[in-house]
Amino acid sequence: MAINKAVVPFSACIEIYLNRTIMNIIFYIILSAIVLEYIINAVASLLNLKNLGGNLPSGLEDICAEQEYQKTQRYTRTRTLFELATGTFTLILLLVFWLAGGFNLLDQAVRSWGFSAVISGLLYTGILAGAYSLLTLPFSIYATFVIEERFGFNRTTPVTFVSDLVKSLGLAVLFGAPLLAGLLTVFEYGGTWAWLYCWAGITAATLFMQYISPAWIMPLFNKFTPLEEGPLRQAIFEYARSVDFPLKNVFVMDGSRRSAKTNAFFTGFGRNKRIALFDTLISKHTTDELVAVLAHEIGHYKKKHILQGTVLSILHTGILLLLLSFFISSPPLHDAFFMQDLSVYTGIIFFGLLYTPIEMVLSIAIQAFSRKNEYEADRFAAETTTRPRVLSSALRKLAAANLSNLTPHPFYVFLNYSHPPLKQRIEAVEQTELSQR
């Protein structure tokens with residue numbers, strides 16, 4: 001009895017072999033990148049822990065009492081170990097879901113519902129994001145109501161915590177879902193230049209969000225009250241006039257509603273730009289120190305750091321979308337995640353994981369750029385207020401109030417710090433003082 005065998009052309013065999021080889025390469029690249037990133041971050045964290053202990057760093061002896069210094073050490077140790085635990089859980093969760101074929105199982109389930117490609121993409125992404133948020137929610141609860149509570153920072157009530165979650169979900173549905181739907185639609189039907197159309201759309205959406213956020217979105221979470229008339233407001237406006245900064249108002253944000261930590265920030269652009277001081281910051285600093293802190297924030301504006309950051313972010317998005325266009329429908333990339341079918345929405349997710357090593361390198365560069373900008377803003381504040389020691393005093397109080405780590409390991413700083421360590425900032429400010437003499 002003859003047995004019929006399908007004859008596979010030699011060229012097809014070569015193509016299958018190459019696809020499988022590429023799939024294996026991509027699989028191991030992504031797996032290695034994810035694991036390597038975890039190992040690098042873990043090593044940095046362990047080095048940071050090893051750097052704890054000893055006496056207060058030279059030049060910072062007056063920042064706090066020995067008892068408070070030990071508290072900063074305990075806080076850093078607790079937060080670092082917690083971050084290690086969270087990172088380990090996240091890594092295990094991803095690997096188990098991936099290697100068990102979870103991405104494909106979910107995709108087949110969503111496809112069986114019979115929706116269009118765009119709706120299926122929204123559902124697929126939403127289910128993944130929702131499941132991840134639910135699984136990691138206990139970590140967020142523990143961080144807020146156990147760790148922050150233990151060290152005297154937490155002011156968040158359960159009602160506020162739940163309210164924040166609901167509002168964040170609402171904003172994701174209101175703004176995130178349409179943006180994702182547009183991205184999926186354009187990559188589904190836009191052809192060769194889809195990445196360029198998406199770049200233009202995302203850039204416009206980002207600028208729009210930055211413009212409306214100070215006036216419409218941030219007030220959903222915090223109350224912003226114009227700074228009342230008095231010596232502080234007068235001093236701030238006098239300083240703003242001295243550096244030719246068009247200041248219309250300064251706002252006090254009820255940061256104490258959630259935390260005892262102190263901060264200040266500058267956000268937005270155009271007529272919606274906003275400077276805000278946490279109420280906790282105002283309660284712990286003198287008028288001169290608050291002017292120095294605000295001068296630092298104005299320094300970011302005057303030195304065009306915000307504009308530079310926006311431009312870099314736009315360029316980064318463009319490069320990301322261009323690279324995505326080459327991989328979004330790649331069979332080997334989908335094979336690396338054991339997928340039965342190709343789709344735009346899974347291609348976006350898988351490319352995000354493939355992009356991990358590039359993103360890590362870019363993150364390090366962005367952090368270094370940010371630290372440089374912080375030095376420049378400090379120098380601007382020290383020079384324009386003509387009282388560097390006041391800025392130095394404000395920085396010391398900020399670090400003490402927030403239990404900042406005063407002895408971070410250089411490698412941990414290199415990977416994670418957007419601001420220079422306190423000791424280096426103080427030294428730079430003191431150099432400004434010497435140059436003014």
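## Worked exercises on a predicted model

Glu427 counts as partly exposed, because its relative accessibility is 37% (buried is under 20% relative accessible area, exposed over 50%, and partly exposed in between, with a 1.4 Å probe and protein chains only). Keep that scale handy for what follows.

Two bits of housekeeping. This is a predicted model, where local features need pLDDT of at least 70 and side-chain atom pairs count only at pLDDT 80 or more, while totals for chains, interfaces and linings use all residues. Residues are numbered from 1 along each chain as its sequence is written, and side-chain values use heavy atoms, with hydrogens and water left out.

### Exercise 1: the overall frame

Work out how many helices and strands the protein chain has, and what share of its residues is buried.

*Step 1.* Count the elements: there are 16 helices and four strands (DSSP runs numbered from the N terminus, H or I of at least four residues for helices, E of at least two for strands).

*Step 2.* Box it up. Along the principal axes, the C-alpha atoms take up roughly 100 × 50 × 45 Å.

*Step 3.* Check burial: of the 437 residues in the chain, 42% are buried.

### Exercise 2: salt bridges within a helix

Find where Lys423 and Glu427 sit, and what separates Glu376 from Lys372 along their helix.

*Step 1.* Lys423 and Glu427 pair up in a salt bridge, 2.6 Å from N to O (a side-chain nitrogen of Lys or Arg within 4 Å of a carboxyl oxygen of Asp or Glu).

*Step 2.* Place them: both belong to helix H16 (residues 422-436), four residues apart, about one turn of the helix.

*Step 3.* Do the second pair. Glu376 and Lys372 form a salt bridge at 3.1 Å, N to O. They are about one helical turn apart because four residues separate them in helix H13 (residues 356-385).

*Step 4.* Check exposure. Glu376 is partly exposed because its relative accessibility is 29%, and Lys372 is partly exposed too, at 35% relative accessible area.

### Exercise 3: a salt bridge across the chain

Which parts of the chain does the pair Lys261 and Glu148 link?

*Step 1.* Start with the contact: Lys261 bridges to Glu148, with the closest N and O atoms 3.6 Å apart.

*Step 2.* Map the partners. Lys261 is in the loop between strand E2 (251-253) and strand E3 (264-267) and Glu148 is in helix H4, so distant parts of the chain, 113 residues apart, are linked.

*Step 3.* Add burial. Lys261 is partly exposed at 26% relative accessible area, whereas Glu148 is buried at 11%.

*Step 4.* Put this in context: searching the whole structure turns up 13 salt bridges.

### Exercise 4: the second largest pocket

Which helix gives the most to the lining of the second largest pocket, and how does that lining break down by class?

*Step 1.* Get the volume: about 1,000 Å³. On a 1 Å grid over the protein atoms alone, a pocket is an open set of points where a 1.4 Å probe fits, with protein on both sides within 12 Å along at least five of seven lines, and lining residues have an atom within 4 Å of a point. Points are joined across faces, edges and corners, and the volume is the space filled by probe spheres set on them.

*Step 2.* List the lining. It holds 35 residues, with Thr90, Leu91, Leu94, Tyr132 and Leu353 nearest the centre.

*Step 3.* Assign helices. Those supplying at least two residues each include H1 (10-50), H4 (117-150) and H12 (344-354), but H2 gives the most, with nine.

*Step 4.* Sort by class: 25 nonpolar, eight polar and two charged residues (nonpolar covers Ala, Val, Leu, Ile, Met, Phe, Trp, Tyr, Cys and Pro; charged covers Asp, Glu, Lys and Arg; the others, Gly among them, are polar).

### Exercise 5: two phenylalanines

Phe27 or Phe115: decide whether each is buried or partly exposed.

*Step 1.* Phe27 lies in helix H1 and is buried, because its relative accessible area is 12%.

*Step 2.* Look along the chain: Leu333 is 306 residues away from Phe27, yet their C-alpha atoms are 7.7 Å apart.

*Step 3.* Phe115 lies in the loop between H3 and H4 and is partly exposed, at 47% relative accessibility.

### Exercise 6: backbone oddities

What sign does phi have at Asp244 and at Lys304?

*Step 1.* Asp244 has a positive phi, about 55°, though it is not a glycine. It sits in the loop between helix H7 (231-242) and E2 and is exposed, at 63% relative accessible area.

*Step 2.* Lys304, also not a glycine, has a positive phi of about 65°. Its loop runs between helix H9 (287-302) and helix H10 (305-327).
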